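Open the model in your viewer and keep the selection tool at hand. The tour goes from one helix pair to the next and ends inside the protein.

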Amino acid sequence: MEHAFPSGVIFEDDHLLAVNKPSGISTHTPNKDLCWGWYEYFHWFNPGVEKLKLLHRLDRDTSGVLLFAKSPEASRELAGQWESGSVFKRYVFATRRKPQKNSWKIDQSIDGQKACTEFRALSGGAFHRIEALPKTGRTHQVRIHASVSGVPIVGDREHGDPKDSWPLLLHAAELRCRAPGATADSTFSAPLPETFSAGSARATWWKRAGLLREAMSGDASRWVHGMADGFPEQVVERFKDVWVLSNFTEVREDELKKALSGRKLVIKRYLGQGRVENVGQAPPVSVVENGLRYKVRFDEATTTGLYLDQRENRLMLKRIMGRLPPGPVLNCFAHTCSFSVVAACAGRATASIDLSAKYLEWGKRNFILNSLDPEKHRWLRGDTADWIKRLKKKDERFAAIILDPPSFSRGKLGAFSVEKDLESLIREALSLLLPGGSMLVATNFQKWSREDLLARVERGFRGRKTVLRQIPLPPDFPYASGVPLWMKSVWVTLQE
């Protein structure tokens with residue numbers, strides 16, 4: 001069966017779906033507003049598909065075989081096999097320490113529950129490789145028992161060296177169980193990922209990042225997202241065959257440049273105080289996202305024209321078009337008007353506001369790319385706050401409003417700061433929103449948490465009856481503990 005997501009399907013029939021989960025995405029969303037789990041992301045991209053049933057889980061940083069039930073019969077049958085311990089599971093991991101035996105068994109309870117794992121040494125590469133056969137299914141069982149055995153897993157900062165700079169090298173290599181109605185067991189296996197063969201920590205992080213992005217597929221993605229992908233203060237984005245490397249501080253880019261050798265590469269070095277040095281050139285490309293086309297350019301200092309962190313919000317706008325009241329869509333701080341393209345392709349009139357005439361022209365080209373007539377839509381050059389006041393005087397109303405301002409800007413009415421002015425801007429924009437309409441409020445302001453944004457939104461709506469929904473960032477924007485969330489956003493629907 002064809003699905004919008006993912007690649008990496010190992011097996012599928014009417015009862016079971018087996019996939020090769022990459023490292024870097026949880027089985028199940030740990031925080032519904034922070035990041036996607038594989039399960040939720042699959043259903044987000046396949047909304048008409050009947051819900052899969054979770055049979056087991058893999059840690060976020062563990063790769064390998066993940067099995068789901070598609071039918072009630074499979075769910076009941078496999079749940080019983082997991083409960084009885086009859087499901088065969090084989091893991092492979094890397095360790096720096098040579099095992100003292102060729103094979104051994106650990107019987108040690110975890111959180112007061114019986115836990116047993118058998119181990120066998122394998123031939124290794126740069127590290128020693130070990131096979132683990134867990135006989136029970138406790139949380140972090142293989143990782144804990146490996147540490148107890150004196151062979152902690154490479155990259156396991158929780159149960160091994162807290163200063164380990166490598167990503168976790170643990171892979172669920174094989175799973176064997178009996179499908180409903182079958183007379184023999186079925187075996188599902190996933191080959192050892194390339195991360196096990198990389199020669200350095202940085203090279204391994206690069207391989208890990210690539211395996212996750214390849215599983216997500218698409219024309220455009222963030223290939224490396226700073227600290228979460230092992231490269232602090234560095235970002236790599238891919239737009240078809242063009243790669244953009246951005247350095248946000250004075251850091252060495254040699255490792256990433258080496259990994260990107262031989263490809264079309266543009267480097268953006270952020271020099272501070274708004275200065276950006278562009279190194280390298282590439283012609284513009286047209287990328288497809290959720291069936292729509294956007295022009296991406298590489299000659300601008302601070303933008304390519306498409307903000308990838310808004311991918312899921314653009315899809316959200318596309319999906320809610322049919323539920324919104326009749327009326328146009330207002331795209332404030334429109335940049336190159338990607339949200340306007342979504343609305344216009346759904347048959348809505350749009351009004352796009354931006355200070356830059358150049359970006360509005362870019363937006364018109366995006367309309368033409370999607371066979372839309374720009375002349376049938378409005379292009380409002382100028383300050384968003386000023387235009388909102390003018391539209392309010394004309395008593396105009398909109399079915400949806402996109403409010404994604406820069407953290408700081410200067411316009412006709414003076415300087416705008418998200419930290420000081422977002423709340424009042426929301427209140428002004430609210431006066432233009434139709435009952436039953438939706439407003440997206442988003443910000444990249446790094447000093448704010450999601451809770452900070454929600455507090456401003458709630459005050460901006462002044463106790464009006466609303467429904468709030470937050471869409472997590474795409475999986476190519478993974479989170480890292482202790483690092484501010486890249487982008488915060490919330491959809492607010494005004495109740496009639």
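Start with helices H9 and H10, which cross in a left-handed sense. Keep in mind throughout that this is a predicted model. To find the pair, select residues 384-393 for H9 and residues 418-430 for H10. Their axes come within 9 Å and cross at roughly 25°. Angles under 35 degrees count as roughly parallel. H9 and H10 are therefore roughly parallel to each other.

Now show side chains. On H9, pick Thr-384, Ala-385, Ile-388, Lys-389 and Lys-392. They meet Leu-425, Glu-428 and Ala-429 of H10. Colour this contact by class: 4 residues are nonpolar, 1 is polar and 3 are charged.

Next stop: H6 and H7. Select residues 311-320 for H6 and residues 338-345 for H7. The packing angle is about 25°, and the axes lie 9 Å apart. That makes H6 roughly parallel to H7. Turn the view to check the hand: H6 passes H7 in a right-handed crossing.

Which residues in H6 meet H7? Select Asn-313, Arg-314, Leu-317 and Lys-318. Across from them, in H7, are Ser-338, Phe-339, Val-342 and Ala-343. By class, this contact of H6 with H7 has 4 nonpolar, 2 polar and 2 charged residues.

Keep H6 on screen and add H1, residues 38-45. H1 and H6 pack at an angle of about 40°, with 12 Å between their axes. Are H1 and H6 parallel or oblique to each other? An angle of about 40° is not under the 35 degrees that counts as roughly parallel. H1 and H6 are therefore oblique to each other.

From H1, select Tyr-41, Trp-44 and Phe-45. Their partners in H6 are Arg-311, Glu-312, Leu-315, Met-316 and Arg-319. The contact of H1 with H6 divides into 5 nonpolar and 3 charged residues, with no polar ones.

Last, leave the helices and look for cavities. How many cavities of 30 Å³ or more are there? The count comes to 4. Go to the largest cavity, which has a volume of about 80 Å³.

Select its lining in two steps. First take Gly-24, Ile-25, Ser-26, Cys-35, Trp-36 and Arg-60, which are among the lining residues of the largest cavity. Then add Leu-473, Pro-474, Pro-475, Phe-477, Pro-478 and Tyr-479, also in that lining. Colour by class once more: the lining of the largest cavity has 9 nonpolar, 2 polar and 1 charged.

Key. Residues are numbered from 1 along each chain as its sequence is written. This is a predicted model: local features need pLDDT of at least 70, side-chain atom pairs count only at pLDDT 80 or more; totals for chains, interfaces and linings use all residues. Side-chain values use heavy atoms; hydrogens and water are left out. Axes are lines fitted to C-alpha atoms, for helices over the stretch in contact, and angles run from 0 to 180 degrees between N-to-C directions. Helices (H or I, at least four residues) and strands (E, at least two) are DSSP runs, numbered from the N terminus. Angles under 35 degrees count as roughly parallel, over 145 as roughly antiparallel, 65 to 115 as roughly perpendicular and the rest as oblique. A crossing is left-handed if the near helix is turned anticlockwise from the far one by less than a right angle, and right-handed if clockwise. Contact means heavy atoms within 4.5 Å. Ala, Val, Leu, Ile, Met, Phe, Trp, Tyr, Cys and Pro count as nonpolar, Asp, Glu, Lys and Arg as charged, and the others, Gly among them, as polar. On a 1 Å grid over the protein atoms alone, a cavity is a set of points where a 1.4 Å probe fits but cannot get out, and a pocket is an open set with protein on both sides within 12 Å along at least five of seven lines; lining residues have an atom within 4 Å of a point. Grid points are joined across faces, edges and corners, and a volume is the space filled by probe spheres set on the points.
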